[in-house]
Amino acid sequence: MKKKSLLIVLCSFITLNLFSQQKQKIIFDCDLGGDIDDAFAVGLILASPEFEVLGFVMDQGYTPKRAEVACKLLYETGMEHIPVVVGRKTNEYFTSQFHWAEGFDKIQPIKKNAVDFIIENLYKYPDEVILFTVGPVPNMMDVIKKDPEALKKAKHIYSMFGSFYMGYDTGPIISAEWNVRGDEEAAKMFSTSGAKITFAGLDVTTYVNLNENYRDKLLRRQSPLTNALSGLYTLWRYESYAQPDPVLHDVVAVGMFLWPELYTTRPAHVKVIDGGYAIIDESKTPNCKIGMSIKKEEFLNRVMQRLLTQNLGRK
Ligand SMILES: [Ca+2]
């Protein structure tokens, strides 16, 4: 091989190698401290070397209290370099998980508001950022109102959102899924924003629950991250709606990026109608993708492997 050709091959190899080592920038917009699945999703993200987290953004409800939980979780896992961002507070409903971080003040959320934080990062890194939304989406509505083009700058958006063929009762009757119903006006704006979105609806999330066998392993692992998750789970069980085996809705949305081979999706035109329903309009050109199936056992094995083999903590 001539010297010039060899140089080109070498440069290509180095470029490819550098590229493969580059981490995926993400913004994670959540209602941590509400249902328990947000905490497990944050845990999976922290335990996943693929990610560079630009920020954990608190959405909907008592957002300053959500931020306390996020700050303590990041502090105890030695990940406090990641910004916690407080979205617009929409109520002051105090959930049982807030006891876990009540009064925690060793680190604070950043001062910048969620809307400016999201818009600035999407423009700073156009087509580079994966945005996850795993709660009701008033922050997204606020972003769209301030700048209708901003969400289109995301590389992709994965959302736990909707119920297209299956509802909470795992039957063929769709439900008014919480992230749609929780702020219907915001859900309508978000679903028609023109951004590149894949929805993880109840169709792919509702069978994915963390049974006692898995929870027992997490409890016995005795690491800062798994102890935090076990503690938050114990408090969450005091919520009136809590069942012993939590459904990992939000974790499934994160898995859609990490392990797309475990999912099937299809293009669809989704719109939100009154009553908190996200429905498919088959007569229209697709405006998103929706999750259709998931290899549940393999998914859970991979999540557990990440959570059990991480060794995050304060140095
Ligand atoms: Ca959530």
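How many helices and strands does the secondary structure of the protein come to? Load the whole chain and you'll find 12 helices and 10 strands; here helices (H or I, at least four residues) and strands (E, at least two) are DSSP runs, numbered from the N terminus. The radius of gyration is 20 Å, close to the 20 Å that the globule rule gives for 315 residues, so the protein is as compact as a globular protein of that length. That radius is taken over C-alpha atoms, and the rule is 2.2 Å times the number of residues to the power 0.38.

Before you click around, know that this is a predicted model, in which local features need pLDDT of at least 70, side-chain atom pairs count only at pLDDT 80 or more, and totals for chains, interfaces and linings use all residues. Residues are numbered from 1 along each chain as its sequence is written, and side-chain values use heavy atoms, with hydrogens and water left out.

**Stop 1: the whole chain.** Color by pLDDT, the predictor's confidence in each residue, from 0 to 100. The mean is 94, and 93% of the residues reach 70 or more. Now select residues 6-11: pLDDT stays under 50 there, and the model has 2 contacts for them beyond four places in sequence (contact means heavy atoms within 4.5 Å). Residues 13-18 also stay under 50, with 0 such contacts. Where pLDDT is low, the predicted coordinates should not be read in detail.

Switch to a surface view next. About 14400 Å² is exposed, with carbon and sulfur atoms supplying 55% of it; these areas come from the Shrake-Rupley method with a 1.4 Å probe, and for residues only the protein chains shown count as cover. Buried residues make up 55% of the 315. Buried means under 20% relative accessible area, exposed over 50%, and partly exposed in between (1.4 Å probe, protein chains only).

**Stop 2: the calcium ion.** Select the ion and its donors, meaning N, O and S atoms within 2.8 Å of the metal (3.2 Å for Na, K and Ca); water is not among the atoms, so sites may look incomplete. You'll see D31 (OD), D38 (OD), D38 (OD), V134 (O) and D250 (OD), at 2.2 to 2.6 Å. V134 lies in the loop between β4 (130-133) and α5 (138-146) and D250 in helix α11 (residues 249-258), so the pair ties together parts that are 116 residues apart in sequence. Both V134 and D250 are buried.

**Stop 3: Q60.** Is Q60 buried or exposed? Q60 is buried, with a relative accessible area of 8%. Look for Q60 in the loop between β2 (51-58) and α3 (63-76). Its phi is positive, about 60 degrees, although Q60 is not a glycine. Beyond its neighbours within four places in sequence, Q60 is in contact with several residues, including R66, R88, W178 and G182.

**Stop 4: D127.** Another non-glycine with a positive phi, near 60 degrees, is D127. Find D127 in the loop between α4 (114-124) and β4.

**Stop 5: N209.** Finish in the loop between α8 (202-205) and α9 (212-221), where N209 is found. N209 is partly exposed, with a relative accessible area of 25%. Add D37 to the selection: N209 and D37 are 172 residues apart in sequence and 9.7 Å apart in space, C-alpha to C-alpha. Leaving aside neighbours within four places, the contacts of N209 include Y214, D245 and K296.
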